Amino acid sequence: MAANALAHGDELTTMTNQAYGEWKPDYDGQMEFGQLRTEPTLQTYVSRCAWCEAWKKHGLTEYGKLYCVNVDNAVYQGFRSDFVCTPTTTAMSFGGERCEFDWGYPLTPEEAVMLADKKRELGTSCMKDFNFHTAHLKHTISKTLIETLGKNGEKAVELALADFTDTFGTKYLDALEGVYPEK
């Protein structure tokens, strides 16, 4: 996201972070989210989450929680290391009614207009599909496990991929081949 913002000549701000999101729902209603306030800090919410619904559907909520409590802040800090995204409610994956986040910086009225304009300008040009994001997670987690644990990491990845194909079938794993890293 930061690389896309910089490539377009944009500064790394909370506004541009919100503009350069890399995933969008596949259909209307898959995700429901919005802003609670813009000042003194931007606060947003998610009241319907495709990720949480998928975890529940497949009995994976206990694992999804680990992703849920880390992903937003990790992505925000990946955009700019001094940024912190703080959850302000109990996340839906932990039984909360909706997820709410404080992004630590305001979004001024001028920036709110700039955000809407930037989103229109970008459209979906910087967004990646679900397969890309799934392949990216698979790549990153596998790499980290193997680098950290060596042979035990390799075995953990092997077992996880076997469990994945037992649950979802090989066609879903095959669909990720060659998707990430981008070639």
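In this predicted model, Glu32 has Arg48 of strand 2 as its bridge partner. Strand 1 and strand 2 run antiparallel and are joined by 5 bridges, and a hairpin of 5 residues connects the two. The points below begin with the sheet, continue with the nonpolar core and helix 3, and then turn to aromatic pairs, charges over rings and helix 6.

**The sheet**

- The sheet is open and is formed by 4 strands in the order 1-2-4-3, with antiparallel pairing.
- Strand 1 (32-37) and strand 3 (86-87) are the edge strands, each of which pairs on one side only.
- Strands of a sheet pair through backbone hydrogen bonds, in either a parallel or an antiparallel sense.
- Strand 2 also pairs with strand 4, in the antiparallel sense and over 4 bridges.
- Two positions illustrate the register with strand 4: Gln43 stands opposite Asp102, and Val46 stands opposite Cys99.

**The largest nonpolar core**

- The largest nonpolar core comprises 29 residues, and Met31, Val46 and Cys49 are those with the most contacts inside it.
- Two or more residues are given to this core by each of helix 1 (2-7), helix 2 (14-19), helix 3, helix 4, strand 4 (99-102) and helix 5 (109-122).
- Helix 3 supplies the largest share of the core, with 4 residues.
- Apart from its neighbours within four places in sequence, Met31 is in contact with Trp23, Pro25, Val46, Arg48, Cys49, Ala50 and Trp51.
- Among these contacts of Met31 are Val46 and Cys49, which are listed with Met31 as having the most contacts inside the core.

**Helix 3 and its cover**

- Helix 3 spans residues 50-57, and its residues Ala50, Trp51, Cys52 and Trp55 are buried.
- The cover over the buried residues of helix 3 includes strand 2 (43-48), helix 4 (61-79) and helix 6 (130-149).
- Trp51 counts as buried because its relative accessible area is 18%, under the 20% limit.
- Trp55 is likewise classed as buried, at 13% relative accessibility.
- Just after helix 3, Gly59 adopts a positive phi of about 65 degrees.

**Aromatic pairs**

- The whole structure contains 11 aromatic pairs.
- One of them is the tilted pair of Trp51 and Tyr67, with 5.6 Å from centre to centre and 35 degrees between the planes.
- This pair links distant parts of the chain, since Trp51 lies in helix 3 and Tyr67 in helix 4, 16 residues apart.
- Tyr67 is partly exposed, with a relative accessible area of 26%.
- The rings of Trp55 and Tyr67 also pair; their centres are 5.9 Å apart and their planes stand at 75 degrees, so this pair is edge-to-face.
- Because Trp55 belongs to helix 3 and Tyr67 to helix 4, the pair ties together parts that are 12 residues apart in sequence.
- Elsewhere, Tyr76, Phe79, Phe83, Phe101, Trp103 and Tyr105 form one aromatic cluster.

**Charged ends over rings**

- The charged end of Arg98 sits over the ring of Tyr45, at 4.5 Å from the ring centre.
- The charged end of Lys128 sits over the ring of Phe132, at 5.4 Å from the ring centre.

**Phe132 and His133 in helix 6**

- Phe132 lies in helix 6 and counts as buried, at 10% relative accessibility.
- The C-alpha atoms of Phe132 and Ala175 are separated by 9.7 Å, and the two residues are 43 residues apart along the chain.
- His133 also has its place in helix 6 and counts as buried, at 15% relative accessibility.
- The side chain of His133 reaches the backbone oxygen of Glu22 at 2.9 Å.
- Not counting residues up to four places away in sequence, His133 touches Glu22, Trp23 and Lys128.
- Lys128 thus appears in two settings: its charged end sits over the ring of Phe132, and Lys128 is among the residues touched by His133.
- Trp23 likewise recurs, as a contact of His133 and as a contact of Met31.

Key
Residues are numbered from 1 along each chain as its sequence is written. This is a predicted model: local features need pLDDT of at least 70, side-chain atom pairs count only at pLDDT 80 or more; totals for chains, interfaces and linings use all residues. Side-chain values use heavy atoms; hydrogens and water are left out. Buried means under 20% relative accessible area, exposed over 50%, partly exposed in between (1.4 Å probe, protein chains only). Contact means heavy atoms within 4.5 Å. A polar contact is a pair of N or O atoms within 3.5 Å; within protein, one must be able to donate a hydrogen and the other to accept it, and residues adjacent in sequence count only if both atoms are side-chain atoms. A nonpolar core is a set of buried Ala, Val, Leu, Ile, Met, Phe, Trp, Tyr and Cys residues joined through side-chain atoms within 4.5 Å. Rings of Phe, Tyr and Trp (its six-membered ring) pair if their centres lie within 6.5 Å; planes under 30 degrees apart count as stacked, over 60 as edge-to-face and the rest as tilted. A charge sits over a ring if NZ of Lys or CZ of Arg is within 6 Å of the ring centre and within 35 degrees of the ring normal. Two strands pair if DSSP finds at least two bridges between them.
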